[in-house]
Amino acid sequence: MGAEAARIDVQLDNVSKRFGREWVIKQLSVHYSSGSIYGIQGRNGSGKSTLLRMLAGQLSPSRGQVSYTVDGQSIGVRDVYRLVSWTGPYLEIIEELTVAESLAFHFGLKPLLAELTIEGVLDRIELRDYRMRSLQDCSSGMRQRVLLATALYADTPMLLLDEPTVTLDAAAAKWFAGELKRYAPGRLTVVASNDPRDLASCTTVLTL
Ligand SMILES: Nc1ncnc2c1ncn2[C@@H]1O[C@H](COP(=O)(O)OP(=O)(O)OP(=O)(O)O)[C@@H](O)[C@H]1O
């Protein structure tokens, strides 16, 4: 993602979210822009994933407003999905696909960065030797690297990462920090996590 990436601004104005009778997020106003990595931390159930889903346009606020601009032009929430790549622990994956098939499937839906190929991605996630292994037979850390790849290497200006290192060991977490350093610049990146390893990359951290 280079200097030519679209500039995204997301403004949340007095956003609240309720599920049933429970208010999960209350009157949150915050601005997110391209070029920074933002952290969101908070206890279990504090609304980190809910906030990411609202940023991704997958959930509407119960009150308040989320507005988006791309290079200064307003866009509707229905068009936001094109701009976003996303990963989280609850993401549904097709277990029967091999590592290589899964990458090909995802990058059929979201474009791969021009500088990369599927083969190149297999090298970057250090899973070339496991390319024919089905995801159901991969370790949780291997699966997580595949999921992170589908977000990190998609050619989208917005990158939303929910608990990115949750199943990664120390070496893989270090690998991820290096990849984020390389592929986040120029994008709007938001990381939801309570892990200090993830929050260390963030310029600001919001506590819910
Ligand atoms: N679709 C939904 N319907 C009803 N309640 C929901 C829904 N999504 C989230 N919630 C509730 O909203 C609250 C916040 O959930 P959320 O997943 O955003 O928290 P979180 O901070 O990401 O938690 P964790 O650290 O455990 O991942 C929880 O009480 C959860 O049960």
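This report walks through a predicted model, from its ligand shell to its core, its helix packing and a few individual residues.

## Around the ligand

Let's begin with the ligand. Its surroundings are made up of Phe19, Val24, Gly42, Asn44, Gly45, Ser46, Gly47, Lys48, Ser49 and Thr50. By class, that shell holds two nonpolar residues, seven polar ones and one charged one.

Which helix gives the most to this shell? The answer is α1, spanning residues 48-55, with three residues.

## The nonpolar core

Now for the interior. The largest nonpolar core contains 44 residues, and the ones with the most contacts inside it are Leu55, Ala149, Leu160 and Val190. Helix α4 (residues 140-152) supplies the largest share of this core, namely six residues.

Leucine 55 is a handy place to look at how distant parts of the sequence meet. Setting aside residues up to four places away in sequence, leucine 55 touches Val10, Leu160 and Val190. Two of those names may look familiar, since Leu160 and Val190 are also listed among the core residues with the most contacts.

## Two helices side by side

Helix α4 also has a helical partner. It packs with α5 (residues 170-183) at an angle of about 5 degrees, and the two axes lie 12 Å apart. Because angles under 35 degrees count as roughly parallel, α4 is roughly parallel to α5.

Where do the two helices meet? On the α4 side the residues are Gly141, Arg145, Leu148 and Leu152, and on the α5 side they are Ala172, Phe176, Glu179 and Tyr183. Taken together, the residues of this contact divide into five nonpolar, one polar and two charged.

## Isoleucine 8 and leucine 83

Isoleucine 8 sits in strand β1. Is isoleucine 8 buried or exposed? It has 22 other C-beta atoms within 10 Å, and the threshold for burial is 20 or more, so isoleucine 8 is buried. Leaving aside neighbours within four places in sequence, isoleucine 8 is in contact with Ser34, Tyr68, Val70, Leu83, Pro157, Met158 and Leu188. The link to leucine 188 spans a long stretch of chain: the two residues are 180 residues apart along the chain, yet their C-alpha atoms are separated by 6.8 Å.

Leucine 83, one of those contacts, is placed in the loop between β5 (73-75) and β6 (84-87). Although it is in a loop, leucine 83 counts as buried because it has 20 C-beta neighbours inside 10 Å. Beyond residues up to four places away in sequence, leucine 83 touches Ile8, Val70, Thr156, Pro157 and Met158. For methionine 158, the C-alpha atoms are 5.8 Å apart across 75 residues of chain.

## Two residues with positive phi

Backbone angles deserve a quick check too. Most residues other than glycine have a negative phi. Asparagine 14 departs from that pattern, with a positive phi of about 45 degrees although it is not a glycine. This asparagine is found in strand β1, residues 8-19. Asparagine 14 is exposed, because 12 other C-beta atoms lie within 10 Å and a count of 12 or fewer is classed that way.

Aspartate 71 is another example, with a positive phi of about 50 degrees, and it is not a glycine either. Its place is in the loop between β4 (63-70) and β5. With 12 C-beta neighbours inside 10 Å, aspartate 71 counts as exposed.

## Exposed loop residues

We finish with two loop residues. Arginine 21 lies in the loop between β1 and β2 (22-33), and it is exposed because it has 5 other C-beta atoms within 10 Å. Arginine 21 and isoleucine 37 are 16 residues apart in sequence, while their C-alpha atoms are 32 Å apart in space.

Glutamate 115 belongs to the loop between α2 (99-109) and α3 (118-124). Why does glutamate 115 count as exposed? The reason is that it has 10 C-beta neighbours inside 10 Å. From glutamate 115 to aspartate 155 the C-alpha distance is 9.9 Å, with the two residues 40 apart in sequence.

Terms used: Residues are numbered from 1 along each chain as its sequence is written. This is a predicted model: local features need pLDDT of at least 70, side-chain atom pairs count only at pLDDT 80 or more; totals for chains, interfaces and linings use all residues. A residue is near a molecule or strand if its C-beta atom, placed from the backbone, lies within 6 Å of it. Helices (H or I, at least four residues) and strands (E, at least two) are DSSP runs, numbered from the N terminus. Ala, Val, Leu, Ile, Met, Phe, Trp, Tyr, Cys and Pro count as nonpolar, Asp, Glu, Lys and Arg as charged, and the others, Gly among them, as polar. Two residues are in contact if their C-beta atoms, placed from the backbone, lie within 7 Å. A nonpolar core is a set of buried Ala, Val, Leu, Ile, Met, Phe, Trp, Tyr and Cys residues joined through C-beta atoms within 7 Å. Axes are lines fitted to C-alpha atoms, for helices over the stretch in contact, and angles run from 0 to 180 degrees between N-to-C directions. Angles under 35 degrees count as roughly parallel, over 145 as roughly antiparallel, 65 to 115 as roughly perpendicular and the rest as oblique.
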